[in-house]
Amino acid sequence: MPKSSEQEIHKSKIGGQALIEGIMMRGVHKTAMAVRIPDKSIDVEVWDTQKPHDKLRVFKKIPVIRGVFNMIDSLVIGYRCLMKSAEKSGMDLEEEEPSKFDKWIEQKLGDKMVTVVATIGAVLGVILSLVLFMFVPSLIVWGLNQIVSLGFFKGVIEGVVKIVIFICYLALVARLKDIQRMYQYHGAEHKTIACFEAGLELTVENIKKQTRFHPRCGTSFLILSLIIGIIVFSVVSWSNPLIRTILKIVLLPIVIGIAYELIKFAGRYDNWFTKIISWPGIKLQHLTTCEPDAEQIEVAIAAFEPVIPENLEEDRW
């Protein structure tokens with residue numbers, strides 16, 4: 001297996017995502033997902049990262065704009081892998097006897113049931129996120145402003161409300177047993193990438209010694225987007241909470257694009273500026289990552305090894 005030099009830190013492009021009893025790793029040329037299946041063995045799937053005729057490839061290289069396309073791409077692939085990992089891990093075997101409604105849905109939709117239900121779930125999730133992180137904070141601040149004039153501080157207070165909601169959400173979700181398992185796999189993903197970047201052999205012992213916090217984490221991206229949003233959304237009208245929400249949705253691609261570029265910069269360099277950029281996300285990763293066990297690290301290794309390119313220069317930031 002090719003590995004980076006022990007004398008030089010290798011800033012890798014490889015990123016990943018925790019799944020249900022598994023991990024997905026995405027490299028320059030290959031993407032792989034590894035899942036611990038019911039018989040305790042590790043199931044691994046590998047496919048090409050880039051589609052041969054990807055019409056959007058050119059947009060994924062333009063600064064700021066590429067952030068939106070890459071985020072959508074990552075969300076789609078990540079969601080598909082998450083659904084597939086649930087099936088592979090045997091999660092459906094633990095479900096209770098289906099209700100009459102479940103049986104009726106399955107009879108009407110047949111083989112398309114999982115796809116339809118997953119799509120509906122994804123759409124509802126997006127709607128809930130927009131309401132929770134865009135409309136509700138605007139409504140709260142708009143209401144406060146009717147009581148006492150907040151002036152210039154309206155945008156800052158709205159941003160703080162968003163961040164508080166986000167942190168509370170993460171803290172509550174982290175209490176769920178299944179999510180804690182995913183957070184352990186999240187930690188295994190980060191530790192494995194850190195081990196590779198340090199130029200060490202990918203073994204359970206080496207990976208255990210690594211930090212579970214990484215500057216290119218999705219958690220860091222989300223909190224950075226919220227912070228940047230405070231600045232960008234400060235120019236949006238406060239005349240009506242609904243109108244403000246719509247205008248913020250329009251400006252959202254700009255926020256995502258800037259956050260993406262900053263995360264890339266933080267992953268490439270290690271200086272005082274990148275430490276400032278990474279600090280909020282690193283702190284939040286105390287909630288979204290947990291220390292993995294040896295079996296979870298084995299899954300991370302199984303997902304990581306197939307995506308390492310033969311030429312490591314192609315994998316440098």
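This passage describes selected local features of a predicted model.

Helix α4 covers residues 154-173. The helix holds 20 residues, and at 1.5 Å a residue these should span 28 Å. The C-alpha atoms at its ends are 29 Å apart, which agrees with that expectation. Many positions along α4 are listed as buried. Towards the start of the list stand K154, G155, E158 and G159. V161, K162, I163, I165 and F166 are also buried. L170 and V173 complete the buried set. Charged residues are thus named beside nonpolar ones, including K154, E158 and K162.

A second site centres on T289. This residue sits in the loop that links α9 (272-288) to α10 (294-304). T289 has a relative accessibility of 0%, so it counts as buried, the limit being under 20%. Its side chain has two polar partners described here. One is the side chain of R212, with which the T289 side chain makes a polar contact at 2.8 Å. The other is the backbone oxygen of Q285, which lies 2.6 Å from a polar atom of the T289 side chain. Beyond its neighbours within four places in sequence, T289 is in contact with Y183, H186, G187 and H190. R212 and F213 are also in contact with T289. R212 therefore appears both as a contact and as a polar partner of the T289 side chain, the polar limit being within 3.5 Å.

The surface carries a nonpolar patch. I120, V123, L124, I127 and V131 form this patch. Together they have about 430 Å² of accessible area. V131 lies in helix α3, which runs over residues 113-147. With a relative accessibility of 39%, V131 counts as partly exposed, because it falls between the limits of 20% and 50%. An α-helix has 3.6 residues a turn, so residues three or four places apart point the same way.

Two residues other than glycine have a positive phi. K40 has a phi of about 80 degrees. K40 is located in the loop between β3 (30-36) and β4 (42-48). Its relative accessible area is 61%, so K40 is exposed. V64 has a phi of about 70 degrees. V64 belongs to the loop between β4 and α1 (65-88). V64 is partly exposed, with a relative accessible area of 35%. Strand β4 thus borders both loops, the one that holds K40 and the one that holds V64.

Methods: Residues are numbered from 1 along each chain as its sequence is written. Side-chain values use heavy atoms; hydrogens and water are left out. Helices (H or I, at least four residues) and strands (E, at least two) are DSSP runs, numbered from the N terminus. The expected span of a helix is 1.5 Å times one less than its number of residues. Buried means under 20% relative accessible area, exposed over 50%, partly exposed in between (1.4 Å probe, protein chains only). A polar contact is a pair of N or O atoms within 3.5 Å; within protein, one must be able to donate a hydrogen and the other to accept it, and residues adjacent in sequence count only if both atoms are side-chain atoms. Contact means heavy atoms within 4.5 Å. Patches are made of residues with over 30% relative accessible area and no salt bridge: like charges are joined within 9 Å, nonpolar side chains (Val, Leu, Ile, Met, Phe, Trp, Tyr) within 5 Å. Accessible areas come from the Shrake-Rupley method with a 1.4 Å probe; for residues, only the protein chains shown count as cover. A salt bridge is a side-chain nitrogen of Lys or Arg within 4 Å of a carboxyl oxygen of Asp or Glu.
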